[in-house]
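Please look through the model shown below before reading on, and keep the residue numbering at hand while following the text.

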Amino acid sequence: MSNPVNGVHKDVLPNGLVVLSEPMEHVRSVSVGIWLRTGSRREPADLNGISHFIEHMVFKGTRRRTAEDIAREVDRVGGMLDAFTAKEMVCFNTRVLDEHLPKAFDVLADMVLEPKFAEEDIAREQSVVLEEIRMTQDNPEDLVHELFTQNFWKPHPLGKPILGTPETVSSFSRGTLQAWFGQWYTPNNLVITAAGHLTHEQLMKLVTDRFSGLTPVEDGFADPMPKPTPHITLKTKSELEQVHICIGVPSLPLTDDRRFAISLLNNILGGGMSSRLFQNIREKQGLAYSIFSELNSYRDSGMLSVYAGTSLETARQLVNCVLQEFRRMRDEPIDAEELGRAKDHLKGATLLALEGSGARMSSLARYHMYFNRHFSVQELIAMLESVTAEQVQQIAREIFRPESLSASVVGNLNEFSLTREQLAL
């Protein structure tokens, strides 16, 4: 058994499965996650969406439990059972009272180890996911983000939709699912994390009983580095009342040493109600109800984007105002008070989030997968506080360049156009 570092215990089973835990004596809950290090970016074009589809299918029954059994056993103890698929990972997780951990872990392990993949369930879930895809197409905010991402990373798999396409999802067969499951749901591609009112010994016994007999599979996958592709994409949907706009640039990888500086830049630009975009474009000019910036960072790349919804009559003015804020970030020094406010915002959000067992459990997995180490709260705050205004502005100079800008626009665009010259910085 390994010695804890910063309160975090770590063990690795002989088959390569990593187990991490962080006991929290002051809570009654326990959160457990089973994490797959493979997400949608590893999918070939003809299997786009298979990671997300398998995430759905494991809830549909195992060799020992029906879908109803899975739902009832966790509901009966007042617990939560959830999952998500991302570009670089898949997670299955549960949160229960400490006394119900053995039962909840057994359900979670059963789902991840022995999904049934029944033919009738596959056909039914294909219909469900196709409706999920249609729902995204009908939501203009989702649609403009999807168009932006697809064209930004094209032709790399990072740009493919996590949900897949109607064509790929409709083609999935039981054999296809079993082959993908056998290739990636292997112990050396899994991380199990837990936080809350438990001991590491307790977790290790649960994990060893269910996972120690698995055989590792060699991962020979060659994952090419994505290259951003500047683009302007316009899509007309005549039934929409608003124009939905997404403008962005390449950003830093999640593992970059300057990640706290880019997080502060994003916060100042459009990360909250006191941000420049919100105050100048919504509050002072009334050009949009919803406007914000966000970072999407991966292990070897990233992008920063701004979203806003506005009327057709003010769309051009809004684009110009966003570009003006980009220029301000790049060309004008950041005020010490504004930087301090952004640091306090991020510090508060970090500390508040880490009060819950779920956030702690998630942090254990992400820190391990991206950094192969754990960061204490004190380390995180110290790295955040060390960022200078000059460092933030230097990143702004690097990323806000006219040749790097991309934009996607969705709406009734019969009288709207956007050219590279109009995106000038």
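The paragraphs below go from the open and enclosed spaces to the strand pairs, the aromatic rings and the backbone.

This is a predicted model, and its largest pocket offers a place to begin, with about 1600 Å³ of space. Of the 48 residues that line this pocket, Leu254, Ser263, Leu295, Ser297 and Arg366 are the closest to its centre. Several elements each supply at least two residues of the lining, among them helix 4 (119-138), helix 5 (140-153), helix 9, strand 9 and helix 12, while the largest share, seven residues, comes from helix 13. In character, the lining of the largest pocket divides into 28 nonpolar, twelve polar and eight charged residues.

Beside this open space, the structure holds one cavity of 30 Å³ or more, and the space in the largest cavity comes to about 80 Å³. Its lining is made of Asn267, Ile268, Ser274, Ser275, Arg276, Glu338, Arg341, Ala342 and His345. Helix 9 (259-270) and helix 12 (336-353) each supply at least two of these lining residues, and helix 12 gives the most, with four. By class, the residues around the largest cavity are two nonpolar, four polar and three charged. Helix 9 and helix 12 are thus named for the cavity and also for the largest pocket, where each again supplies at least two lining residues.

Arg276, one of the residues that line the cavity, leads on to helix 10. In this helix, which spans residues 276-284, Arg276, Leu277, Phe278, Asn280 and Ile281 are buried. What do the buried residues of helix 10 pack against? Their partners are helix 9, strand 9, strand 10, helix 11 (315-331) and helix 12. An α-helix has 3.6 residues a turn, so residues three or four places apart point the same way. Just after helix 10, glycine 286 takes a positive phi of about 65 degrees.

Two of the partners of helix 10, strand 9 and strand 10, are themselves paired: strand 9 (residues 291-297) runs antiparallel to strand 10 (residues 302-310), and seven bridges join them. Within this pair, leucine 295 has leucine 304 of strand 10 as its bridge partner, and leucine 295 is also among the residues closest to the centre of the largest pocket. A hairpin of four residues leads from strand 9 to strand 10. Another antiparallel pair is formed by strand 4 (residues 80-85) and strand 5 (residues 90-97), which are held over six bridges, and here too a hairpin has four residues between the strands. In this second pair, alanine 83 has phenylalanine 92 of strand 5 as its bridge partner.

Phenylalanine 92 brings in the aromatic rings, since ring pairs link Phe92, Phe117, Phe181 and Tyr185 into a cluster. A search of the whole structure finds 14 aromatic pairs. One of them joins phenylalanine 326 and phenylalanine 400, which are stacked, at 4.4 Å centre to centre and with 15 degrees between the planes. This pair links distant parts of the chain, 74 residues apart, with phenylalanine 326 in helix 11 and phenylalanine 400 in the loop between helix 15 (389-399) and strand 11 (406-411). Phenylalanine 326 counts as buried because its relative accessibility is 0%, and phenylalanine 400 is likewise buried at 0%. Phenylalanine 371 and phenylalanine 375 form an edge-to-face pair, with 5.3 Å centre to centre and 90 degrees between the planes. Here phenylalanine 371 is partly exposed because its relative accessibility is 23%, whereas phenylalanine 375, with a relative accessible area of 8%, is buried.

The backbone closes the account. Most residues other than glycine have a negative phi, and most peptide bonds are trans. Phenylalanine 117, a member of the ring cluster, has a positive phi of about 55 degrees although it is not a glycine. This residue sits in the loop between helix 3 (101-113) and helix 4, and phenylalanine 117 counts as buried because its relative accessibility is 3%. Is asparagine 372 buried or exposed? Asparagine 372, found in the loop between helix 13 and helix 14, also has a positive phi of about 55 degrees without being a glycine, but asparagine 372 counts as exposed because its relative accessibility is 52%. Finally, the peptide bond from lysine 154 to proline 155 is cis, with omega near 10 degrees, and proline 155 lies in the loop between helix 5 and helix 6 (166-171).

Conventions: Residues are numbered from 1 along each chain as its sequence is written. This is a predicted model: local features need pLDDT of at least 70, side-chain atom pairs count only at pLDDT 80 or more; totals for chains, interfaces and linings use all residues. Side-chain values use heavy atoms; hydrogens and water are left out. On a 1 Å grid over the protein atoms alone, a cavity is a set of points where a 1.4 Å probe fits but cannot get out, and a pocket is an open set with protein on both sides within 12 Å along at least five of seven lines; lining residues have an atom within 4 Å of a point. Grid points are joined across faces, edges and corners, and a volume is the space filled by probe spheres set on the points. Ala, Val, Leu, Ile, Met, Phe, Trp, Tyr, Cys and Pro count as nonpolar, Asp, Glu, Lys and Arg as charged, and the others, Gly among them, as polar. Two strands pair if DSSP finds at least two bridges between them. Buried means under 20% relative accessible area, exposed over 50%, partly exposed in between (1.4 Å probe, protein chains only). Contact means heavy atoms within 4.5 Å. Rings of Phe, Tyr and Trp (its six-membered ring) pair if their centres lie within 6.5 Å; planes under 30 degrees apart count as stacked, over 60 as edge-to-face and the rest as tilted.
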